Structure formats: structure tokens, C-alpha cells
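Here are my notes on the model you sent, set out as numbered points. They deal with how the chains meet and how the copies are related.

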2 protein chains.
Amino acid sequence: MARVSKTVTLAHGSGGTKTRELVELFRAKLGNVYLNALDDSALLTPDDLGMEEGSRFAFTTDSFTVAPLFFPGGDIGKLAINGTVNDLACLGAIPRFLSLGVIIEEGFPFTDLERIAASIAEAARIAGVQIACGDSKVVGHGQADGIFINTSGIGVIAPGVELGAARAQPGDTLIVTGPLGEHAITIAIARDKLPMQADIKSDCAPLTQLVQAALAAGEGGLHTVRDLTRGGLAAAVCEIAESSGTRVLLNEPAVPVSAAVRGASDLLGFDFLELANEGRMVLFVAPDKAEGVLNAVRATAEGCESAIVGRVLGADEYTKYDLSPDRARPLAVMTTEVGGVRAVEPPSGELLPRIC
Amino acid sequence: MARVSKTVTLAHGSGGTKTRELVELFRAKLGNVYLNALDDSALLTPDDLGMEEGSRFAFTTDSFTVAPLFFPGGDIGKLAINGTVNDLACLGAIPRFLSLGVIIEEGFPFTDLERIAASIAEAARIAGVQIACGDSKVVGHGQADGIFINTSGIGVIAPGVELGAARAQPGDTLIVTGPLGEHAITIAIARDKLPMQADIKSDCAPLTQLVQAALAAGEGGLHTVRDLTRGGLAAAVCEIAESSGTRVLLNEPAVPVSAAVRGASDLLGFDFLELANEGRMVLFVAPDKAEGVLNAVRATAEGCESAIVGRVLGADEYTKYDLSPDRARPLAVMTTEVGGVRAVEPPSGELLPRIC
């Protein structure tokens, strides 16, 4: 069907002939046997999913409202694929199929929509996932901000793989898989057109291979993996400490942060521990496996700047850091550059909305 | 965690402590073992899904932008559950797990959010599905319209169940499972506060049991099931005709429409064939199984007003209705109340946006 529209109109949300223009735009870029059936649902077999005896599933959802839609290192389409891929990868799953739901504001240019669809297609190809089903809605001018995207994903977890926030243990070594904050600072600069050296780009990347490399090297000693999106490393370590009933110690000088991000953070008043990333994770690993896992993730393209940044404290160390299992806070502390100790808290406000 | 906010703020989208208020609100209503793990993804086993040897999966996604959010017979929460449940049911699947992604406008009242969460919980309970994973985003004032909801769903299809748009066959009988247009007219009246008798309410309902009853009675003769959402019966029969390479004949006097909907449609200039429903389906059934399927769906609460409304034409009948397999249009025709024949086309404009 030839496309005749230059911008998206309410008629494109009608379910009729105009909606087909949207469907065809996405199908041209993303089409596969599942999507092309054009039924109400995609039909998937256990073989399609790569299941074997004892396989389990990971299922997740994420909505993307990032502004601006296009930024150095990525765009909302690439983000929507990698964000959901990484949520699946955190449980040790191999991501297989994603859904794609778009809410589009009336007047949105078709050229931008095509650029986003192409980006989704490329990111999906690189991450090894297929778009199995989709949906589009159109709302009036001023009722959304350009485009919002939801992706939900299904992955398959191999027998024996057991990762989760509750599994972190005293003594675990914490590995961060690369310099923090590049995504957040990129968005901040792009949104407000800040007059800074623009040699920072988003870290947005799929991390399935990194997690699989860590699993293989960890030999059962990899306990917890979490991607460091909204709330950054601060939110992640506090949530994991809470889920596992532990307390975490970070070592500030060891946390990888580029000079550019550090400088921008200082200037903008951000704490780099709280900055969002879209291609960085924290791994909790049994101490005897930490070096092996560190070497394995450093051997991947996305994890080459990985570093050990801290550990889970033993109960006998709580007093030293003024911590208590009976007090809800703090859940984490950090030894600082100047040799002090400070509490690490999850962010309580919002310095930088619509980061993802 | 005690809630301290009366309206949703950008800080609720930060990923930090305020985000936990949102998480706790939904978890209080929807909590289960999958959601409560608070990992990046939900972990599901084949047993959780009710799989057996030969099972396959249905996977679907739908975003909901309905305005107003609350209307007679339902609200955006109930709609978000039943819309996705019915998309799964159309493939013959038993819906099991749904994801829940919400995009909330800054300033949205927590009381409305709680009401929607409660409605989601009740609809999920009635439909027999669990919310396995969720995500919330907050955008600034004027960047969305209250709340948008995405649900994606996974269902399990029993061995031997084969439904799909491409499976419709010449000779198939068409059954519509109840009076058309009640959802669309309800929204039109509620949105524009039209001075009409308000004895119409949305047909929004889960139809899993109806489809399963039809499958059992159809004994392999049930070929295609589609729910009649955006674009209504007109869009559905045209899409199925296109997918299956057939042509459809509808019989206008047989199409169930209440006097109230018919009157409102005439007044508002709507074609009731194009009106959206959220609890109605069209079934394509082999003619020798049609009576059995009709009786089976009439025995369900949601299908008690089901009716035979047409059939798939044989190629030898095309000339009589001025149809040709070589011409793309029309894909369907209808014998009218006054004895004529008219083409049925998918809607080409948008009379009533944001119906779902």
C-alpha cells in the first residue's frame, strides 16, 4: 500500500485503511512470519523460543518516553529494544520476542516514524530478537509528546540459571560493567542544548552476551545482575540490599566515571551514582569467582571497562560503618575519595525526567 | 511505605523513593509472587503457564488511550485487561499473564490511580489472569492526557487448536456474539456529554470462556475468531477476507444492534458496522457446525445474544454480487434492509478517536 500521508493523523488510529499505512510502515522494516500473520496475537511455539527441558521464561515490560527522541548514540527506538532486552538479560534469559506498542501524537512526521522504525529494526537485529506483535494508537495534538513506545519481552532461561535481587550474599563482590552516567548526561546536554563538549554519547547497548559470559565464568557464583537505568547505581544497590536483606559497601575511587561525565555532573549538580545508564549493569559475584567474571566481562565489547566497585558487607562489619540490620536505612554506604564514609540513598527527587 | 502524595509528580518517575509509592500502590492491589519479586523481569515456569506437551503460546500487546477514563460499564483499567485478554482468546489461547505499563501525566490524582488499579485487579481476577510485571513512567503536565496504559499478554494454546484469519473458508457461517456498537456509543455519549438516554453501557468483557465454548462445540470447524474493536465488524470482515483470500456476505437485517445504538448511530452519523466493541467477536464456522457453535456461545453470559449474520461466499457466487478475486475491493458486501446490496469497506476516516 502506497503511503500518502506526511504526518500522522487521528485517522491513522481508526483501525481502518489509514491504520494500515502505519502497519505497513512498521512491517516493511520489522516484518517476520509472526508479525505478518496480522492476527490479534502472535503464535509462538516452544521451538521458536528455543526452549529445552527445564527452561523457564522471563517476561518484562517497559515504556519509553525519552525526550529528545533522537540523541547522540541512539534514539527512542534503539532504547526501547535494548531497555527491554537488558531487563530480560538480568535474569539470565536469552531474549527472543518483543512486542511493540506505539502511542503517537497527531501531527508526528512520517519521516521521523520511519527513522525510528529503522532504528528498532537494527537494534532488534543486533540484539537477536524479533518483534512478534504490535499495536499503534494515535492521540490528538497536545495529548502526547511526539511518540511513546512500550516494549514487552519474552526470554528463555536455561536450566540451572538462577539470578535475582534476593540472591545477593554477604561477601559478594560488586562489578560495574563500564563508566557510569553517559546516557543521562547525553540526554541532559541534548535536551537543554547545553554548551558542552559533545564527546559524550549514550551507552545504550544490548547486554545479553555480557551476562551470558558472566554466567559461564561465574560457575554458579554469579548471584545478581541489574541494569543501572533510572536511579542509577544508587537505586540498584539499595534495592538489591533490601531484597536480599544485606548491606552494601561501595568504594568511590573505584567507580568508573569518565572525566567528561564527572565534570558535567559537577556542573549540573548531579550525583553520578544516581545517573541513568542504558548499557551498564552491576553484578554481584561470590568473591572466589569475581576475578574470573571480571575478566570474562572485560572481554566483551560492552564490558571492556568493567571494574570492581565494592562488596556486600558481613554482619560483623555493620558497626564499623554505623549500619544495623534493624534499621531500614541506610542500605548502602560508600568510602569516599577523601577517605570518609557516607550513606548511599536511593534518589528521592527528580533532577532529570524522561531519561528513558 | 506510607503514601504522602495526592497527585503524581515527576519525582514519581525518578526510579527512586517516590517511584516506590507508585509501585506500592499497584502492588497493594495486584501483588502476587511474580510481581513481588521486584526483579527486572518476572520468572515464569511452564507449570505457571499451564503448559502441556504440544502447547504453543499466544503473545500480544495493546495500548489504551481511551477518553474519558471512566465511563458507564468500565474504565481504562478494565479495558486494558479485557482488550488484551480478548486478543489472546482470538487465537484460542487461555490467557495467563499480562504486563502492565503505565504512562502518567504529572498532576494525575492518586485517587483516580487507585480506582484504576482496583479496576485492573478486579478485571484480572474475573478474566483469570495475573499481572506478572509492570512499569511506570511520568511525563510533564501537557505531555500526556491523564494516563495511558499498555498491557501485553501471554496465553497458552492447547494442542490441536488452530484459529487464524487466514483459515476462513468459502461456505463458513459468520456468527456475531452480541449487539454491536455499545462500547463506541457509550464513549461518544460520555465524552461529549450528549443529551441522550444513558441506558447504554460499554460491552467490555473477557471472552475466553465464550471462545473455548465455541472451540469445543465446533469440533475443528471453528476457523477464525476476531474481536470487533477499532473499525468494528466492517474492518474485521475485510481483514479476514483479505488474509484468507475470500469474499464475505453480510445480511444487514440479521446483524444485532440495539434500538438505542441504532438511534444514536443515525443521529451521530455513524455506521454501526464500523463501531468499536470491547466484548464482541465474529466467528467463522464451517456450516455444518454453525448451529452447534451458535447454541454453545448463546449459552455463555457474554454471548447470549449471538446471531448468524452472514457467510463466506463461494467463488461461483462472485458474479452475482459484482465481486472478483482479481479486484482488491470490495472484500465484503451486505444485503440491506431494503433488499439491495452494498459494498462493505474498512473505515477510511476517524469519526471517534480514542475509543480504546
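**Notes on the contact between the chains**

1. In this predicted model, a salt bridge links B:Asp40 to A:Arg226, with 3.5 Å between the closest N and O atoms. It is worth starting from B:Asp40, since that residue returns below when the buried area is broken down by residue.

2. How many salt bridges does the rule find across the interface of chain B and chain A? The number there is 10, while a search of the whole structure, over all chains, gives 39. Another salt bridge brings together the side chains of A:Lys137 and B:Asp62, at 2.8 Å from N to O. Since A:Lys137 belongs to strand S6 (residues 130-139) of chain A and B:Asp62 to strand S2 of chain B, this pair joins two chains.

3. Polar contacts should be read alongside the salt bridges: between chain B and chain A, 39 residue pairs are in polar contact, counting pairs in which both residues have pLDDT 80 or more. On the side of chain B that touches chain A, the residues divide into 35 nonpolar, 25 polar and 17 charged.

4. As to extent, the contact draws 77 residues from chain B and 77 residues from chain A. The two chains bury about 5,900 Å² between them, and 55% of that area is on carbon and sulfur atoms. Of the area that chain B buries against chain A, 14% is supplied by B:Asp40, B:Phe59 and B:Arg230, which is more than any other three residues supply.

5. The backbone also takes part in joining the chains, for strand S1 (residues 42-44) of chain A and strand S2 (residues 56-64) of chain B run antiparallel and are joined by 3 bridges. Within this pairing, A:Leu43 stands opposite B:Ala58 of S2(B). Strand S2 of chain B is also the strand that holds B:Asp62, the partner of A:Lys137 noted above.

6. How are the two copies related? A turn of 180 degrees, with a shift of 0.0 Å along the axis, lays chain B on chain A with an RMSD of 0.0 Å. The copies are thus related as by a two-fold rotation axis. In chain B, the C-alpha nearest that axis belongs to B:Ala144, at 2.1 Å from it.

7. A last point concerns the surfaces used by each copy. Of the interface residues of chain B, 100% are also interface residues in chain A, so the copies meet through the same surface.

Note on methods:
Residues numbered from 1 in each chain as written. Chains lettered and ligands numbered in written order. Predicted model: local features only at pLDDT ≥ 70, side-chain atom pairs only at ≥ 80, totals over all residues. Heavy atoms only, no water. Contact = heavy atoms within 4.5 Å. Buried area = accessible area lost by both parts, 1.4 Å probe. Salt bridge = Lys/Arg side-chain N within 4 Å of Asp/Glu carboxyl O. Polar contact = N/O pair within 3.5 Å; in protein donor to acceptor, adjacent residues only side chain to side chain. Nonpolar A, V, L, I, M, F, W, Y, C, P; charged D, E, K, R; others polar. Pairing = 2+ DSSP bridges. Helix = DSSP H or I, 4+ residues; strand = E, 2+ residues; numbered from the N terminus. Least-squares fit on C-alpha atoms with pLDDT ≥ 70 in both.
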